[in-house]
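Let's take a walk through this fold, one piece at a time. Keep the 3D view open and turn it as you read.

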Amino acid sequence: MSMPGMYVSPEQLMQDRADYARKGIARGRSLVTLEYGGGIALVAENASATLRKVSEIYDRIAFGGVGRYIEFDQLRIAGVRHAELKGYQYSRSDVEARSLANQYAQMLGQFFTHELKPLEVEIVVVEVGIGDEVNQLYRIQYDGTVMDEEAYCCIGGDADAVRERVAEGYDPELDAAAAIQLARAALAGPEREIAAPDLEVALLESNFEEATHRRRCFRRLPDEEVAAALGDSADQPDESSDQEDS
């Protein structure tokens, strides 16, 4: 004798999926993106030296993700392929963070609505402006909601508390070192300390014409340079352990 199926209202189903995704994302360590005087800094708490939460997508575009690593890394790869194909078919200047954010929103929304399990991820897509162009910061949530952020953005972990701490000390005229210091303080909070090796830091530099990589603005900072920006010793012991949820 077969058992009749249990009816679940669409509203309850969506609520259950949202709760499931939020819990998974909250287990991840936070990521802060903020504009500074020379570009955009992406700073994440990440003790792993191989599992990256921040990556380059295209010439002036970067990606950051929190939640389940395997899921947001698949999104990163899809974004790279989309950007490379569009740049090849048209021109490199046609690749924009806005269209990429919309693509990600469609993918996440499709998973959230039609798949049994939503993706436990939250991502940011940022593009640095050159000259008179403005920077673009987009936050895309697990259900495909896109938010156009200004100045700074915080995702993962206790994002609301981290955002409040960033807001208290933010100044658009910060230099790169001050931006990294503010991000670390916001991620750590008043009761913790985060050592330089436990931070993953990348910059999108608007003055890329003065750099070695003429066309590419993305630069990942090694531990020594992060420690110098923070005024720390680069050889502090690493007491953190890698986790599945990054």
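Start with a single pair of residues: R139 stands opposite M147 in β7. Keep in mind that you're looking at a predicted model, not an experimental one. R139 and M147 face each other where strand β6, residues 136-140, is joined to β7 by four bridges, with the two strands running antiparallel. Helix α3, residues 97-114, packs on the sheet here and touches β3, β4 (61-67), β5 (121-127), β6 and β7. The direction of α3 makes about 0° with that of β6.

Now zoom out to the whole of that sheet. It's an open sheet of five strands, in the order β3-β4-β5-β6-β7, and the pairing is antiparallel. At the edges you'll find β3 (54-58) and β7 (146-149); each has a single partner strand, so one side of each is left without a neighbour in the sheet. Going from one strand to the next, the twist averages 25°.

Stay with α3 for a moment, since other helices meet it too. Two packed helices are described by the angle between their axes and the distance between the axes. For helix α2 (residues 69-89) and α3, the axes come within 11 Å and cross at roughly 135°. That angle makes α2 oblique to α3. The crossing of these two, α2 and α3, is right-handed. On the α2 side, the contact uses L75, R76, A78, G79, H82 and K86, and these meet S99, L100, Q103, Y104, M107 and L108 of α3. Sort the residues of the α2 and α3 contact by class and you get six nonpolar, four polar and two charged.

Helix α1, residues 10-26, also packs against α3, at an angle of about 125° and with the axes 10 Å apart. That makes α1 oblique to α3 as well. Here M14, R17 and A18 of α1 make the contact with F112, T113 and H114 of α3. By class, the α1 and α3 contact splits into three nonpolar, two polar and one charged.

Next, swing round to the other five-stranded sheet. This one is open as well, with the order β8-β1-β2-β9-β10 and antiparallel pairing. Its edge strands are β8 (152-155) and β10 (218-220), each of which pairs on one side only. The twist in this sheet averages 15° from one strand to the next.

For a landmark here, look at strand β1, residues 31-36, which runs antiparallel to β8 and is joined to it by four bridges. Find T33 and you'll see that its bridge partner in β8 is C153. Helix α4, residues 159-169, lies across β1 and β8 and runs at about 155° to β8. Helix α5, residues 176-188, packs on the sheet too, touching β1, β2 (39-45) and β9 (199-205). The direction of α5 makes about 150° with that of β1.

What about α4 and α5 themselves: at what angle do they pack? The angle is about 145°, with the axes 8 Å apart, and the crossing is right-handed. In α4, V162, R165, V166 and G169 are the residues that meet L182, A185, A186 and L187 in α5. The class count for this contact of α4 with α5 is six nonpolar, one polar and one charged.

Finally, a word on how far to trust what you see. The protein chain has a mean pLDDT of 88, and 89% of its residues reach 70 or more. Residues 234-244 are another matter, as pLDDT stays under 50 there. The model does give that stretch 18 contacts beyond four places in sequence. Still, where pLDDT is low, the predicted coordinates should not be read in detail.

Definitions and conventions
Residues numbered from 1 in each chain as written. Predicted model: local features only at pLDDT ≥ 70, side-chain atom pairs only at ≥ 80, totals over all residues. Heavy atoms only, no water. pLDDT = per-residue confidence, 0-100. Contact = heavy atoms within 4.5 Å. Pairing = 2+ DSSP bridges. Axes fitted to C-alpha atoms, helices over the stretch in contact; angles between N-to-C directions. Left-handed = near helix turned anticlockwise from the far one by under 90°. Nonpolar A, V, L, I, M, F, W, Y, C, P; charged D, E, K, R; others polar. Parallel < 35°, antiparallel > 145°, perpendicular 65-115°, else oblique.
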